[in-house]
Amino acid sequence: MPTSTAPLDLLLVPAWLVPVEPAGVVLEGHALGLRDGLIAWIGPRERAPTALEVRELPDCLLCPGLVNAHGHAAMTLFRGLADDLPLMTWLQEHIWPAEGRWVDEGFVRDGTDLAIAEQLKGGITCFADMYFYPREACDRVHRSGIRAQIAVPLLDFPIPGARTPDEGLHQAIELFGELRHHPRISIALGPHAPYTVNDENLEKIRVIADQLDAPLHMHIHETAGEVEQAVAAHGERPLSRLARLGLLGPNLQAVHMTQISDDDLALLVESNTSVVHCPESNLKLASGFCPVERLWQAGVNVAVGTDGAASNNDLDLLGETRTAALLAKAVAGSATALDAHRALRMATLNGARALGLEATIGSLEVGKAADLVAFDLSGLAQQPVHDPVSQLIYATGRDCARHLWVAGQQLLDERRLTRMDEAALTAMARAWGARIAGKE
């Protein structure tokens, strides 16, 4: 029902409306109304209240905007730089040296802009980022209109923009205070991984996170080698170590988690820790397989992320979700694992829940922010449409994202970015490519 007698700002009339909550629902003949950046009305079209503008969306599936729950946005400028290598070789011999040579505030500014544009064009309305110079990333998010969680990276050794872990923590505290009331940006603490942050620094991070009630975003159990080395060196698995240090809990976003024992699963369930699954990056780096169906059936909240474009090599969350659904079936040995509706939930409401934003985004419910995407299912490859959600997950590419709104502001209209210059971004990216390749 309408929450006000004032006219709606905008009424959207899609062919199919998929609210995600309640689960498994597809509404036909329904419309959704926006007022003041929020979802103000959902119901049968013939009962719709007056609206200042009515937008027909024929052949479109309207659903919550996709939530990319893990990535390194500025690494778009390293896309394709070092491919077909195992994780530690890729990191230590290629990515870390390249970051030391090229990453500065300008790199983060331009790479984040490129990532934001790519994500908007693929139906993503919110993303989680962990990269250097987080203040610069916050500025790009603010200017673009997208929603994001920015994790301040914390490591034991100097990184671009922070010479010590304490300097990084100070940046995180400052940014958290400055942006705590920002309508679209939230700040998280980003200890990089168990193997790059020692116990003393993890304890400092936990204390600050508890004081601020801030999220924690961390790569955990990304490979079997990581776990084996931790056990050999310290006699405990990384997740057990984090539990001992008090870092597990609903504020922790455990990224990757390809190695999960029975004891690990019990810790995740008991602590209500969210897992962020990055299937394509894990596949490309041969890191392993996150047992998504096993986690889901145990009650663990599982979100999905693209990881960075240097290890994926795209920021295509719709494609990532398709891969997640297919891989879940193979890993579980069951064709019923992670069905299409649950896959969409993983890419929307589960992602919002992992980021602590489930009260604001992730489903189409009255009172939530109007973060929406309309996917066009009119194409030849989508016909016939027996089940629009199955068609979206299994037969639709990100290029079918036709319209997108964040907090009621339209950022993609008929495939055109409304606030960003695509030609200028392409030219900028090519210039960076030439510089990095030594051709400029």
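Author: A polar contact is a pair of N or O atoms within 3.5 Å; within protein, one must be able to donate a hydrogen and the other to accept it, and residues adjacent in sequence count only if both atoms are side-chain atoms. This is a predicted model, where local features need pLDDT of at least 70, side-chain atom pairs count only at pLDDT 80 or more, and totals for chains, interfaces and linings use all residues. Residues are numbered from 1 along each chain as its sequence is written, and side-chain values use heavy atoms, leaving out hydrogens and water.

Reader: How many residue pairs are in polar contact across the interface of domain 1 and domain 2?

Author: Let's place the domains, whose bounds come from an automatic or database assignment. Domain 2 is 66–355, while domain 1 joins 8–64 with 370–407. With both residues at pLDDT 80 or more, the pairs in polar contact across their interface number six.

Reader: And how far apart are the centres of the two domains?

Author: The centres are taken over C-alpha atoms. Between domain 1 and domain 2, that separation is 29 Å.

Reader: Which three residues supply the most of the area domain 1 buries against domain 2?

Author: Buried area is the accessible area (1.4 Å probe) two parts lose on being put together, summed over both. Here the domains bury about 2,100 Å², with 65% of it on carbon and sulfur atoms. On domain 1's side, 35% comes from just one trio: I393, Y394 and R398.

Reader: Which residue does R398 meet in a salt bridge?

Author: A salt bridge puts a side-chain nitrogen of Lys or Arg within 4 Å of a carboxyl oxygen of Asp or Glu. Between domain 1 and domain 2 there are four. At 3.9 Å, N to O, the R398 side chain meets that of D316.
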